[in-house]
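Here are my notes after a look through this one. Keep the viewer open as you read, and take the points in order.

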Amino acid sequence: MKAAPEWSRRHPRAAAWVVIAAVVATLAACGTSPPAANGPHPSPSRAATSSPAASPSPPPTSATSPAPGPGISSSPSARTVPAGLGGREWTSIPTSAKVVALTFDAGANADGVSSILATLKRFGVQATFFLTGNFVAGFPAQSRAIVAAGERVGDHSISHPYFTKLTDAQMREQVLGAEQEIKSVTGAGSWPWFRFPYGDRNSHTISVVNSVAFVPIGWTVDTLGWKGTSGGSTVQTVVSRVLANLRPGEIVLMHCGSNPDDHSTLDADALPTVIKDLRARGYTFVTIDAMFG
């Protein structure tokens, strides 16, 4: 062992190359290949059956997304549930002001979208549209039209499953996957608003949705326009239900699509009367962003 230092003093340049070669060999032995690129966004069919171990990466932010609420970061890694809004599903806006939030769920089809947007524009009213990932993928033009009209969008899951039947990982994937699809197609951000499909939720599903920084938004009244004329609903019953439940901060649940059996679009058809009757009672209209206060 003593010969090596003596040899190094007699042959300094050779010794230096030996050291360099050893370092290179060590690095080669310890190195790893470059990390693989993120895989494709899970399809809706995979989203409903993914392994509990699956955990999607936070979706990228979009430079064209609407600005978040006051003091809220738009960076997914820095997001938390907005102050005071966690731990529950909100069925009305906490206010004493005479305001109503019109909300439209978009899932099955887009048959009523053009009419709804035309009515909102004619009356100068903004609303909130809760979009599923499947809707955005299947009706990209209508989804972009909603955003182009200046309406607020929220998250309604990828494939509209019953959340109480999903694992925690599947729930997170449904929320974050839909957010990513909405941003990819429309450029708009849906965070932090989420609506449970079918209103199917409990304290645990709410906590999981909160864990990815989303706030569950329910409704004060369901117009039942989705039942269609074949299910006993009419334009008048839609209007009557909204007025019967009227109070400050009312959140109205309506739908963008038509009834699959009779193809009626009762919510779209009733919308002009709903707006006129609410205004006649001194009410104005807000989006769900009014939750920020």
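1. Overall make-up. The chain carries 10 helices and 8 strands. Keep in mind throughout that we are looking at a predicted model. Of the 293 residues in the chain, 45% are buried.

2. Contacts and surface. Take the contacts between residues at least 6 apart in sequence: 79% of them join residues at least 24 apart. As for the outside, the chain has an accessible surface of about 14100 Å², and carbon and sulfur atoms account for 57% of that.

3. Thr223. Have a look at the loop that runs between β6 (221-222) and α9 (235-244), since Thr223 sits there. Is Thr223 buried or exposed? Its relative accessibility is 0%, so Thr223 counts as buried, the cut-off being under 20%. The side chain of Thr223 also reaches the backbone nitrogen of Gly225, at 3.1 Å.

4. What surrounds Thr223. Which residues does Thr223 contact once neighbours within four places in sequence are set aside? The list is Val238, Arg241, Val242, Val252, Leu253, Met254 and Asp267. Val238, Arg241 and Val242 fall inside the range given for α9 (235-244), while Asp267 belongs to the stretch 266-280, which is helix α10.

5. Asp277. This residue is also in helix α10 (residues 266-280). Why is Asp277 classed as partly exposed? Because its relative accessible area is 23%, and partly exposed covers the range between 20% and 50%. Leaving out residues up to four places away in sequence, Asp277 touches Val239 and Leu243. Val242, already met as a contact of Thr223, lies 35 residues from Asp277 in sequence, with a C-alpha to C-alpha separation of 9.6 Å.

6. The cavity. How many cavities of 30 Å³ or more does the structure hold? There is 1, and the volume of the largest cavity is about 40 Å³. Rolling a probe the size of a water molecule over the atoms is what shows where empty space is left.

7. The cavity lining. The residues lining the largest cavity are Gly225, Trp226, His255, Gly257, Ser258, Asn259, Ser264, Thr265, Leu266 and Asp267. By class, that lining splits into 2 nonpolar, 7 polar and 1 charged. Two names here link back to Thr223: Gly225, whose backbone nitrogen the Thr223 side chain reaches, and Asp267, which is among the contacts of Thr223.

Notes: Residues are numbered from 1 along each chain as its sequence is written. This is a predicted model: local features need pLDDT of at least 70, side-chain atom pairs count only at pLDDT 80 or more; totals for chains, interfaces and linings use all residues. Side-chain values use heavy atoms; hydrogens and water are left out. Helices (H or I, at least four residues) and strands (E, at least two) are DSSP runs, numbered from the N terminus. Buried means under 20% relative accessible area, exposed over 50%, partly exposed in between (1.4 Å probe, protein chains only). Contact means heavy atoms within 4.5 Å. Accessible areas come from the Shrake-Rupley method with a 1.4 Å probe; for residues, only the protein chains shown count as cover. A polar contact is a pair of N or O atoms within 3.5 Å; within protein, one must be able to donate a hydrogen and the other to accept it, and residues adjacent in sequence count only if both atoms are side-chain atoms. On a 1 Å grid over the protein atoms alone, a cavity is a set of points where a 1.4 Å probe fits but cannot get out, and a pocket is an open set with protein on both sides within 12 Å along at least five of seven lines; lining residues have an atom within 4 Å of a point. Grid points are joined across faces, edges and corners, and a volume is the space filled by probe spheres set on the points. Ala, Val, Leu, Ile, Met, Phe, Trp, Tyr, Cys and Pro count as nonpolar, Asp, Glu, Lys and Arg as charged, and the others, Gly among them, as polar.
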